[in-house]
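Me: Please take a close look at one loop of this structure for a reader who is new to it. Where does that loop lie, and what else in the chain should be known alongside it?

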Amino acid sequence: PEDAVLIAQETGFPVALKIDSPDITHKSDVGGVRLGLEHAHEVHDAWHRMLEDVRRARPEARIDGVFVEPMWSGRAGRELMIGVVADPLFGPAISFGLGGTLVEVLDDRVVALPPLNRFLIRSMIGRSRAARLLAAFRGAPAVATEPLEEILLRVSELVCELPWLSALDLNPVIVDDRGATVVDARVMVRPWNPSARPYDHMAIHPYPANLVERVVLPHGEAVTIRPIRPEDAQMEQAFVAGLSERSRYLRFMSAFPKLPPQLLSRFTQIDYDREMALIAVVREGDEEREIGVARYASTDDGASCEFAIVVADAWQGRGLARRLFAKLIDTARSRRFRRMHGIILRENPRMLAFVRSMGFRTHPVPEEPEILRATMEL
């Protein structure tokens with residue numbers, strides 16, 4: 001108790017005491033919480049009473065000590081809950097709603113699958129009962145929602161990057177007009193196979209930000225190569241429309257002037273686990289312009305992938321295709337594909353020479369004499 005008193009004095013009053021036990025999930029249910037202690041003697045007495053209450057309620061529980069925390073200070077704070085559960089079918093899921101000691105009684109829980117972005121987070125918050133309490137009411141100002149969104153974004157990152165995280169409870173998270181504070185937290189971990197592929201624990205693979213790369217081409221042009229995103233649809237459409245009729249025909253074996261809506265959606269809303277589309281972009285003012293794209297998609301056997309690549313006419317012959325394609329091949333290898341293949345028109349000698357220079361072998365396709373198949377073991 002003397003240590004708790006010293007820590008409380010250093011922390012500054014008022015303080016809270018909470019029992020530290022790996023066997024007790026809900027501390028308040030067993031008398032393991034004391035709040036609003038304003039003097040040293042109150043800390044001393046509360047320490048003794050709390051240990052007695054906890055040992056009486058849970059005699060078998062291991063007790064590692066007592067946490068001493070500064071009390072949250074603010075006005076008109078709203079208590080919320082953020083949680084993570086691991087579903088055996090869908091993987092990790094993030095929940096949000098009203099929190100505090102009555103979280104089970106209130107039963108306010110909106111669930112979403114990670115990865116989350118600000119659009120999904122705002123949708124979660126808006127669908128919860130808690131949304132009504134976050135606005136101004138009865139003289140209390142509206143809460144600052146941006147710090148709350150930041151916590152949900154960070155929780156989403158934890159879920160994506162730490163496959164051994166099996167459960168997480170942040171309850172309560174107190175928000176007011178000044179910010180958001182996590183008052184209590186519980187984390188549970190599980191064994192995980194270190195040889196598993198990244199994000200195997202998730203139903204939806206997150207955007208592979210690790211593949212974003214800034215490159216300088218042989219003639220000094222600076223280009224960013226990155227995975228495509230759904231919001232790149234308009235830029236992708238403009239890129240295809242800007243290709244010459246000849247380039248569009250050699251890439252798609254069709255001369256349509258723009259991508260049909262279904263194909264545009266298919267090209268930009270991809271499953272990063274089974275396929276990849278790397279685009280090359282340059283900045284023009286505050287906007288990006290696409291100048292090339294290389295992609296692969298998994299075939300039915302799961303061991304092979306089919307590639308395609310096209311570069312804007314003005315950027316051909318500058319070394320961009322080689323950088324883009326080399327990165328695509330490395331990505332396919334890292335995803336443990338064993339071979340890559342693609343089909344190329346015989347009337348496209350530049351592309352045939354290019355893939356051969358990258359290590360591919362070309363073979364005729366007996367039933368389609370106008371095309372060749374290029375293959376490479378990865």
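Reply: Helices (H or I, at least four residues) and strands (E, at least two) are DSSP runs, numbered from the N terminus. The model is predicted, so local features need pLDDT of at least 70 and side-chain atom pairs count only at pLDDT 80 or more, while totals for chains, interfaces and linings use all residues. Residues are numbered from 1 along each chain as its sequence is written, and side-chain values use heavy atoms, with hydrogens and water left out.

The loop in view joins β9 (185-189) to β10 (213-216), and alanine 209 lies in it. With a relative accessible area of 49%, alanine 209 is partly exposed (buried is under 20%, exposed over 50%, partly exposed in between; 1.4 Å probe, protein chains only). Its C-alpha atom is separated by 7.7 Å from that of arginine 226, which stands 17 residues away along the chain.

The nonpolar cores come next (sets of buried Ala, Val, Leu, Ile, Met, Phe, Trp, Tyr and Cys residues joined through side-chain atoms within 4.5 Å). The largest holds 52 residues, and Phe307, Phe325, Met340 and Phe360 have the most contacts inside it. Strand β12 (residues 275-284) gives the most to this core, contributing 7 residues. A second, separate core has 26 residues, among them Leu80, Phe96, Val110 and Leu116.

Phenylalanine 360 touches (heavy atoms within 4.5 Å) Phe307, Phe325, Ile329, Met340, Val355, Ala374, Thr375 and Met376, leaving aside residues up to four places away in sequence. In soluble globular proteins, nonpolar side chains tend to be buried together.
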